[in-house]
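Student: I have a structure to read and would like to go through it one feature at a time. Where do we begin?

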Amino acid sequence: MPTNEEIFEKVREALVDALGVDEEEVTPEATLQGDLDAESIDFLDIVFRLEKAFDIKIERGELFPEDILTNVDYVQDGKVNSEGVAKLKERMPFADLSKFEANPIVQNLAQELTVQDMCNFVEHKLAA
Amino acid sequence: MRWFWIDRFTEFVCDSHATAVKGVSLAEPHMHEHIVGYPLMPNSLVTEGIAQAGGLLVSEHYGFSELVVLAKLAKVRFHSHVRNGETLTYRVKVDTLRRDGAVVSATGHVGERLHAEAQLFFARLDESNDVTGGAPLFRPRDLRHWLELVGVFEVGVRQDGTRIREADYPLVEASPVV
């Protein structure tokens, strides 16, 4: 099992390659969409790179459960309901969703995903 | 102008790599329109050629029956100018191949001279990314014609060395085109 620093280094490398950003920009607190300008297509690219870097298999929707965000049972008027938030927490134990929970607008989820969340995700996968 | 940016494959190994060539001629209009008075092969079209070579390699993985689109150029670097009379050789290599897409690394050489390096990301559009209401974007017979023109079935082999045949793929008309 790699150390937290080793995980961060590899995640940083994946993000630098996928997003064309400078190493210094990739800090644990940086948000993928807000700070690093990741677009939706970049998430698939990032997933490919993480799979390769850590020799793991990431299923569709595992990192970013878009199926929940497009499910009418969980989303009303652009906001994720409490049932949906509970489902997101279950599917994303690696992410800190407390900020999102305060204002669960669908678009906010991707906006608030940080580099640290990605590291936690990898750690979670490696431990599974 | 016809949107063919590779002339022919010289090697095509399924799920692995391929080599394609493109002869650069003064007879091509873009040579005169890119920088007037100084004929050059535009690098955007070099990129397109690399994308066509890589895209067909990836598309074969999905049996030439799925929509595969160039989603992203993760890296592109050019090192020289390509002039009329030169031949570009594109080498594309599959780095990652998955159900929902693929990553391809590529180079473009003129003889021994490295001209271009690229990393491309292709996405496979399935039912969840339906952009045409279920109708195909192109005619299978047009794709078949293109594959024939660039020699995919003349040089294409599987990893075990066996030849691929046109009849192995569903390149026949099934539904109307949008």
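Tutor: We go through chain B, its sheet, one residue, the contact between chains, the core and the domains. This is a predicted model, in which local features need pLDDT of at least 70 and side-chain atom pairs count only at pLDDT 80 or more, while totals for chains, interfaces and linings use all residues. Residues are numbered from 1 along each chain as its sequence is written, and chains are lettered from A and ligands numbered from 1 in the order in which they are written.

Student: How many helices and strands does chain B have?

Tutor: Helices (H or I, at least four residues) and strands (E, at least two) are DSSP runs, numbered from the N terminus. Chain B has 4 helices and 7 strands, and along the sequence they follow β-β-α-α-β-β-β-β-α-α-β.

Student: In what order do the strands of chain B lie in the sheet?

Tutor: Two strands pair if DSSP finds at least two bridges between them. In chain B, 7 strands make an open sheet with mixed pairing, in the order β3-β6-β5-β4-β2-β1-β7. Strands β3 and β7 (156-157) of chain B are at the edges with a single partner strand each, so one side of each has no neighbour in the sheet. Further in, β2 (residues 17-23) of chain B pairs with β4(B) in the antiparallel sense over 7 bridges. Lys22(B) is found opposite Leu88(B) in β4(B).

Student: Which strands does α2(B) lie across?

Tutor: Axes are lines fitted to C-alpha atoms, for helices over the stretch in contact, and angles run from 0 to 180 degrees between N-to-C directions. Helix α2(B) lies across β1 (8-13), β2, β3, β4, β5 and β6 of chain B, at about 45 degrees to β4(B).

Student: Is Gln119(B) buried or exposed?

Tutor: A residue is buried if 20 or more other C-beta atoms lie within 10 Å of its own, exposed if 12 or fewer, and partly exposed in between, with C-beta atoms placed from the backbone. Gln119(B) counts as partly exposed because it has 19 C-beta neighbours inside 10 Å. Gln119(B) belongs to strand β6 (residues 113-125) of chain B. Two residues are in contact if their C-beta atoms, placed from the backbone, lie within 7 Å. Leaving aside neighbours within four places in sequence, Gln119(B) is in contact with Ala74(B), Lys75(B), Val103(B) and Ser105(B).

Student: How many residues of chain B are in contact with chain A?

Tutor: The contact joins 10 residues of chain B to 8 residues of chain A. Of the side of chain B that touches chain A, the largest share, 3 residues, comes from β3(B). For classes, Ala, Val, Leu, Ile, Met, Phe, Trp, Tyr, Cys and Pro count as nonpolar, Asp, Glu, Lys and Arg as charged, and the others, Gly among them, as polar. That side of chain B has 5 nonpolar, 2 polar and 3 charged residues.

Student: Which residues touch the most other members of the largest nonpolar core?

Tutor: A nonpolar core is a set of buried Ala, Val, Leu, Ile, Met, Phe, Trp, Tyr and Cys residues joined through C-beta atoms within 7 Å. The largest one has 67 residues, and those touching the most other members are Val11(A), Ile50(B), Ala53(B), Leu57(B), Val104(B) and Leu120(B). Helix α2 (residues 43-61) of chain B gives the most to this core, with 7 residues.

Student: How is chain A divided?

Tutor: Domain bounds come from an automatic or database domain assignment. Chain A has domain 1 (1-59 + 114-128) and domain 2 (65-112). The C-alpha centres of domain 1 and domain 2 of chain A lie 20 Å apart.
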